[in-house]
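Biologist: I am new to this structure and would like to look closely at a single part of it, the open sheet and how its strands are joined. Could you take me through that part in one connected account?

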Amino acid sequence: MLDFEHARHRMVEAHIARRGVRDKRVLNAVRRVAREQFVDEGFEEFAYEDSPLPIGSGQTISQPFIVAKMAEMAEIEATDRVLEIGTGSGYAAAVLAELAEHVFTIERHRSLAQQAERRLNAAGYRNVEVMVGDGTKGWQEKAPFDAIVVAAAGKSIPLGLQEQLEIGGRLIIPVGEDPYSQRLVRLTRIAANKFEEEDLGGVMFVPLIGEHGGQDESTRSAREVRPPPLPQQIARAAEDLPPIDDPAFGAMFDRFGSRRVVLLGEASHGTSEFYRARAAVTRRLLQRHGFTIVAVEADWPDAAQINRYVRAEERQSDAQPPFQRFPTWMWRNTEVAAFIGWLREYNRDVPDHARKAGFYGLDLYNMSGSIATVLAYLEKVDPEAAAVARERYGCLMPWQNEPTTYGRAALRPGYRTCEEAVVRQCMDLFERSMAEGDGDLLDAKQSARLVASAERYYRVMYYGGAETWNLRDRHMFETLDQLLEAQGPDSKAVVWAHNSHIGDARHTDMGTVRDELNIGQLCRERFGARAALIGFGTDTGTVACASDWDGEMEVKDVNPSLPHSFERMCHDSGKPSFLLDFGRHGQLGADLAAPRPERYIGVIYRPETERLSHYMDSSVSLQFDAFVWFDRTSAVTPLAMSADSTGKVPDTFPFGI
């Protein structure tokens with residue numbers, strides 16, 4: 001196995017260089033700093049994820065990219081004296097210390113300053129001095145400085161910091177009160193009373209607190225007028241939902257009936273209320289608003305069998321039962337079976353065959369089967385690699401902060417040597433399946449598209465990362481677009497997929513940190529206001545899930561939501577279920593635009609590492625047009641639990657329901 005030093009080198013370089021940092025001295029400095037020494041205990045395995053991590057006192061350790069970007073913009077030379085405002089964990093100071101002769105750093109939180117000093121000393125940095133104080137005043141006794149780097153956003157550039165710059169010195173600082181309009185500024189002192197200012201682009205930082213900056217919440221006047229707490233605002237704006245089985249439930253969503261595409265999310269792949277609610281909304285949209293396409297996050301050939309059933313078309317005699325691969329419970333459950341049965345009955349009364357509602361899979365062909373092929377092959381040739389791959393496939397979600405898993409898999413020497421054989425096996429699987437097609441024109445067109453992208457998909461799937469995610473979501477969006485085009489300009493579609501697919505990725509860590517996109521973003525770009533993105537969430541209850549990819553289904557308790565998360569705000573509103581329509585409540589939408597943790601549970605749920613495994617910073621009111629809340633939820637019921645007395649799963653699904 002390649003050593004961890006090489007793995008870290010590869011991962012950090014890929015994250016930072018991909019986002020535009022080109023200065024070799026800066027890249028080398030970042031590589032030399034052992035970031036795991038500057039994170040809190042228990043977070044070491046996540047040290048090389050390109051995202052912030054909590055460090056106490058409500059602060060975070062900056063992501064490697066932004067540290068590298070600011071260092072590059074500061075143009076630090078080996079003989080420079082550098083002032084840093086906002087020591088935090090000490091990580092950025094260590095990177096600066098690799099570049100400069102001496103670094104002076106100021107932290108307003110004494111506990112963080114003391115901890116950072118211990119970490120810097122333990123890491124061997126003797127050219128760094130740490131001070132507890134008001135960073136907006138700078139460090140007059142140590143001035144002038146060749147460069148000043150500020151790790152918090154000021155309303156303006158503090159005059160005291162400008163005056164402490166050497167002639168020719170550079171000050172890098174985010175400026176702006178609104179997190180969504182902050183700009184990174186470089187101020188260069190070109191003469192005693194002359195400065196040159198450059199805009200380096202948009203950023204998002206915590207506010208700069210101090211005498212010449214913003215005010216700490218704890219020091220605000222008690223008489224200062226403040227908006228009501230967010231849970232109270234949510235309670236006022238929330239529209240109470242009737243029971244899901246009440247026809248009035250679906251009627252609550254008539255406001256979205258004129259849209260071309262309505263995307264309905266879920267915060268997990270195993271929650272009954274999410275499936276039942278989506279079914280209720282979909283029934284209403286089909287019955288009252290002319291929707292004819294139900295497109296779901298499922299493999300195309302499996303969904304095609306359901307489509308033939310609900311449209312009363314001839315069943316393929318040699319077709320395998322659908323949804324037999326992991327995770328079987330995701331679509332093979334009583335909630336979906338009830339909707340499929342209703343959809344078939346609904347279509348009986350639609351005289352025009354072309355206007356009958358269809359059930360279609362958006363996902364790349366046979367993703368689960370392909371993963372199974374990879375695992376089976378690796379089990380034979382390299383069981384250790386198979387174990388790592390199994391773990392990694394369980395983390396192929398953008399909210400998973402487990403980069404070491406990917407590094408361990410992709411950097412094993414045996415992994416690359418297996419690549420060609422595994423991709424060939426996947427292609428063989430694909431080609432055999434294509435040969436069994438039924439000749440339907442839409443199926444044939446879809447198959448042709450899949451043939452064109454299958455080899456590339458299987459190859460990138462083998463290694464994982466943002467390219468895998470983006471290829472998959474682009475494919476799902478293009479499939480949706482093909483379905484709409486096939487049914488004409490008046491066609492309308494309902495999409496069922498996870499929140500991570502249907503919420504606009506540009507307003508989550510997926511887009512801002514990982515350069516990932518999704519169906520929701522692509523729909524907004526294509527359809528604009530004719531697309532409605534509706535998220536779903538919960539606080540506690542139970543969920544059907546697995547602990548690892550291809551593992552047994554379990555029913556686990558869902559942990560109560562984290563403090564300060566969006567889910568906790570909804571829970572603290574005191575309402576059991578509601579609809580939040582952000583378009584009708586401008587001020588609430590603005591207040592919920594600030595990034596905060598949002599929970600995502602896929603087919604894998606690991607409550608023991610929930611903060612890192614299942615939360616991602618998101619701006620919920622920008623990510624979605626509306627949000628559906630169920631405070632307490634329950635697991636879906638797999639059809640296996642509805643088997644006959646022999647325990648046999650009903651293989652005739654859906655034709656036997």
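Modeller: Two strands are taken to pair if DSSP finds at least two bridges between them, and with that in mind we can go through a model that is, throughout, a predicted one. The part you ask about is an open sheet of seven strands, whose order is β5-β4-β3-β6-β7-β8-β9 and whose pairing is mixed. At its edges stand β5, covering residues 128–132, and β9, covering residues 194–202; each has a single partner strand, so one side of each is left without a neighbour in the sheet. On average, and with direction ignored, neighbouring strands of this sheet are turned by 15 degrees against each other.

Let us begin at the β5 edge. Strand β4, made of residues 102–107, runs parallel to β5 and is joined to it by five bridges. Within this pair, Thr 105 has Val 130 of β5 standing opposite. A helix also belongs to this view, for α5, residues 110–122, lies across both β4 and β5 and runs at about 165 degrees to β5.

Moving along the order of the sheet, we come to β7, which spans residues 165–175 and is mostly covered, with eight of its 11 residues buried. Buried is used here for a relative accessible area under 20%. Strand β7 is joined to β6, residues 145–150, by four bridges, and these two strands run parallel. Here Ile 148 is the residue that stands opposite Leu 171 in β7. Strand β7 is also joined to β8, residues 183–191, this time by six bridges and with the strands running antiparallel. In that pairing, Ile 172 has Arg 186 of β8 as its bridge partner. If you follow β7 in the picture, you therefore find a parallel connection to β6 and an antiparallel connection to β8, and this fits the mixed pairing of the sheet as a whole.

To place the sheet beside another element of the model, you may also look at the helices α2, residues 24–32, and α4, residues 91–99, which pack at an angle of about 130 degrees with their axes 9 Å apart. That angle makes α2 oblique to α4, and α2 passes α4 in a right-handed crossing. The residues that make this contact are Arg 25, Val 26, Ala 29, Val 30 and Arg 32 on the side of α2, and Tyr 91, Val 95, Glu 98 and Leu 99 on the side of α4.

Key:
Residues are numbered from 1 along each chain as its sequence is written. This is a predicted model: local features need pLDDT of at least 70, side-chain atom pairs count only at pLDDT 80 or more; totals for chains, interfaces and linings use all residues. Side-chain values use heavy atoms; hydrogens and water are left out. Axes are lines fitted to C-alpha atoms, for helices over the stretch in contact, and angles run from 0 to 180 degrees between N-to-C directions. Contact means heavy atoms within 4.5 Å. Buried means under 20% relative accessible area, exposed over 50%, partly exposed in between (1.4 Å probe, protein chains only). Angles under 35 degrees count as roughly parallel, over 145 as roughly antiparallel, 65 to 115 as roughly perpendicular and the rest as oblique. A crossing is left-handed if the near helix is turned anticlockwise from the far one by less than a right angle, and right-handed if clockwise.
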